Amino acid sequence: MRYPKLFALFLKSSLLVELEYRSNFIAQALMGVFWAVVTFVSVALFFQHTTMLGGWSYGQALVIVALFTMTEGVTQMFLEPNLQRVVAMVRDGTMDFVLTKPVNSQFIATLRHVRFSGATNLMIGAGLIVYAMAQLSYAPGATQLALFALMFGLGMLMLYSIWLAMSASAFWFVKIDNMQELFRALWDTARFPISAYSGVLRALLTFVLPVAFMTTFPAQALLGLLEPETLVIAVGLCALLFFLSMHFWRRAIGNYSSASS
Amino acid sequence: MLKKYLSLGKVSWGLMTEYRAQILIWMLASFLMIIMMIVWLGISAQGAVNGYSSGDFISYFMIGWLVRTITAVWSSWELDYQVRQGTLSSLLLRPIHPIHNEIAANLTEKVLRLLIVLPIMAAVLLLTPATALRLDALSILAFLLALAGAWMLVFLSDYLVGMLSFWTSQTSAFINMLYGLRLVFSGIIAPLAMFPESVQAALRWSPFPYMLNFPTNILTKGLAPGDLMFGFAAQLVWVGVLLAVMRLVWKRAMRSYSAVGA
C-alpha cells in the first residue's frame with residue numbers, strides 16, 4: 001500500500017519539475033514526433049521496393065514501428081532519467097541518501113523520476129497501431145489484445161532489467177556512457193522485424209540482447225501470429241533477466257562504499 | 001597557421017589516446033549503417049533494387065561508412081557546453097578563433113578512427129567478390145575532393161547549429177534534428193537512389209546529398225561528368241553560404257554573449 005502511494009508522489013513531483021522547464025518539455029515532445037517520423041521513413045523506404053520485409057507486410061511492419069516508438073517513449077519516460085540520476089548520485093556520493101531511506105533502494109533508484117515528455121511517443125505509437133490496423137483491415141480479438149498486453153509487458157520488464165543492470169554497473173565503473181551507447185546501437189535493430197536479420201545476429205537479438213521481445217514478438221501477438229513457444233520463452237527469459245539484474249543490483253549496493261568519505 | 005594546428009592537434013591527440021575505449025564505442029554509432037546494409041541485402045537477394053545489386057549495396061555502405069567516419073562531428077555539443085558553462089570566455093581571449101580548436105580536435109580524432117575503420121572496411125570489400133570500386137586515379141582524386149567538401153558541409157552546418165546556444169538552452173534538440181535529417185537525406189540509411197524520383201530531384205538543391213551520398217557514389221557507382229560537376233558546384237555554393245551565415249551569426253553572438261556567472 002505504501003509503494004503505490006509513494007509512486008503517486010514521485011509522479012507528482014516529477015510533473016512539478018517538468019512544468020518548471022516548459023521550453024524543455026516542448027522541445028523534447030517535438031523531438032519525439034520528429035524521431036518517430038525518421039523511424040517511419042526508414043522502414044517505409046523499404047516498401048517502395050518490396051511488398052514483404054522479412055515476411056512482414058507494410059501494415060504489419062507498421063505495428064513494429066509503432067512498438068519501437070512506444071518503447072522509446074518508455075525509455076525516455078522512466079529508464080533514462082533514473083539511470084542518469086543513479087550515475088550522478090554514485091559519482092557525487094548522494095546515493096547515501098537513497099540507501100538510508102526506509103524504502104527498497106531499487107524502487108527509488110528506478111522509479112523516482114518520470115519525464116512526461118516521453119508520453120508523446122506513447123501516443124504516436126498508439127495512433128500508429130490504430131492506423132496499421134486500419135491499413136490491414138484487421139481487428140484484434142480479446143485474446144490477441146490480452147496476449148499483446150502480456151508480451152509487451154514482458155518486453156518492457158526485460159528492458160527495465162537491462163537498464164537496472166546498467167545502473168548497477170555504475171557502482172563499479174561510475175562512467176557508463178559506453179555501455180549505454182552499445183545498447184543504443186543494438187537497440188536500433190528493433191525497428192525492423194527480427195526475421196530481417198539472419199543467423200548469429202538474429203540469435204543475439206533474441207536471446208542475448210532480447211530486443212525481439214520488445215517489438216517483433218508483441219507485434220506478432222497483436223496480429224495473432226504468435227507461436228505458443230515464444231510466449232513460454234518470453235516468460236522464462238523475462239524471469240531470468242529480472243532475477244539476475246535484481247541480484248546484481250543488490251550486490252552493487254552491498255559493494256558500495258560511498259564517495260570521498 | 002599549420003604550426004598552430006600541429007600544436008592544437010598534439011593536445012587533442014593526447015586527450016584522445018587517454019580515452020581509447022570511448023572511441024571504440026563511438027564507432028558503434030555507425031552500427032546503424034551496418035544494420036541498414038543487412039536489411040537492404042535481404043531485399044536485394046531477390047534481385048537488384050533500382051539498379052543496386054547486393055554487391056553495390058555492400059560497396060555503398062562500406063564507402064559510406066568511411067565517409068561518415070571522416071565527416072563525424074560533435075563540435076556543436078562542445079560549443080553548447082562551453083557557452084553554458086562559460087568556459088568559452090577563456091577560449092575567446094586566445095588570439096585564435098575557437099573554431100580552430102574544434103577543427104584541430106576533429107581532424108586529429110579522424111586519424112584514430114581511420115585506424116579502426118580502414119582495416120575492417122578493406123577486409124569486407126576484399127572478401128566480398130561481388131563488390132566493385134572505381135579505383136582509377138581520377139575517381140580517387142574526385143573522391144578526396146568531394147570528401148573534403150563533405151567534411152566542410154557537415155562541420156560548418158553542425159557548428160552553425162551549435163551557435164544557437166548563444167540564444168537558447170534547447171540547442172541539443174536542434175543538433176539532434178540536424179542529425180536526423182542527415183540520417184535520412186544524406187544517404188546514411190539508404191543510397192538516395194532508393195528514394196522516389198521526386199524526392200531525389202528536390203534533394204539535389206539541398207546540402208544533404210553532398211555530405212555523404214555524393215562522395216560515396218564517386219567511388220562506387222560512378223557519376224556522369226555532368227552530375228560530378230553539379231555536385232562539386234553544389235558543395236562550393238553551400239560551403240560559401242554556410243561560411244557567410246556563420247560569420248554573420250558569430251558577429252551578432254559576440255555582441256550579445258556574456259558568460260554565465262563569471
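# Helices, core and contact in a two-chain model

Trainee: Helix α2 of chain A covers residues 22–44; what span should it have, and how far apart are its end C-alpha atoms?
Mentor: This is a predicted model. Helix α2 of chain A holds 23 residues, and the rise is 1.5 Å a residue. The expected span is therefore 33 Å, and the end C-alpha atoms agree, being 33 Å apart.

Trainee: Which residues of α2(A) are buried?
Mentor: To count as buried, a residue needs 20 or more other C-beta atoms within 10 Å of its own. In α2(A) the buried residues are A:A27, A:Q28, A:M31, A:G32, A:W35, A:A36, A:T39, A:S42 and A:V43.

Trainee: Why might such positions point the same way?
Mentor: An α-helix has 3.6 residues a turn. So residues three or four places apart point the same way.

Trainee: What covers the buried residues of α2(A)?
Mentor: The cover includes elements from chain A and chain B. From chain A come α3 (58–92) and α6 (119–136). From chain B comes α9 (171–185).

Trainee: How many residues of the side of chain A that touches chain B come from α2(A)?
Mentor: In this model, 24 residues of chain A are in contact with 25 residues of chain B. On the chain A side, α2 and α8 each supply at least two residues. The largest share comes from α2(A), with 9 residues.

Trainee: How do the residues on that side of chain A divide into nonpolar, polar and charged?
Mentor: Take the side of chain A that touches chain B. Its residues divide into 13 nonpolar, 9 polar and 2 charged.

Trainee: Is α1(A) buried or in the open?
Mentor: Start with its length. Helix α1 of chain A has 19 residues, residues 2–20, and should span 27 Å at 1.5 Å a residue; its end C-alpha atoms are 27 Å apart, which agrees. Of those 19 residues, the number buried is 0, so α1(A) lies largely in the open.

Trainee: Is B:G14 buried or exposed?
Mentor: B:G14 is found in helix α1 of chain B, residues 2–18. A residue is exposed if 12 or fewer other C-beta atoms lie within 10 Å. B:G14 has 10, so it is exposed.

Trainee: How far apart are the C-alpha atoms of B:G14 and B:T108?
Mentor: Along the chain, B:G14 and B:T108 are 94 residues apart. In space, their C-alpha atoms are separated by 9.9 Å.

Trainee: Which residues touch the most other members of the largest nonpolar core?
Mentor: That core has 123 residues. α3(A) gives the most to it, with 17 residues. B:A150 has contacts including B:V67, B:Y210 and B:F214. The residues touching the most other members are A:V63 and B:A150.

Trainee: How does the radius of gyration of chain B compare with the globule rule?
Mentor: Chain B has 12 helices and 0 strands. The globule rule gives 18 Å for 262 residues, so chain B is as compact as a globular protein of that length, with a radius of gyration of 19 Å.

Trainee: Where is confidence lowest in chain B?
Mentor: Chain B averages a pLDDT of 88, and 93% of the residues score at least 70. Confidence is highest in helix α11 of chain B, at a mean of 96. Where pLDDT is low, the predicted coordinates should not be read in detail. In chain B, confidence is lowest, at a mean of 61, in helix α2 (residues 20–28).

Technical notes. Residues are numbered from 1 along each chain as its sequence is written. Chains are lettered from A and ligands numbered from 1 in the order in which they are written. This is a predicted model: local features need pLDDT of at least 70, side-chain atom pairs count only at pLDDT 80 or more; totals for chains, interfaces and linings use all residues. Helices (H or I, at least four residues) and strands (E, at least two) are DSSP runs, numbered from the N terminus. The expected span of a helix is 1.5 Å times one less than its number of residues. Two residues are in contact if their C-beta atoms, placed from the backbone, lie within 7 Å. The radius of gyration is taken over C-alpha atoms; the globule rule is 2.2 Å times the number of residues to the power 0.38. pLDDT is the predictor's confidence in each residue, from 0 to 100. Ala, Val, Leu, Ile, Met, Phe, Trp, Tyr, Cys and Pro count as nonpolar, Asp, Glu, Lys and Arg as charged, and the others, Gly among them, as polar. A nonpolar core is a set of buried Ala, Val, Leu, Ile, Met, Phe, Trp, Tyr and Cys residues joined through C-beta atoms within 7 Å.
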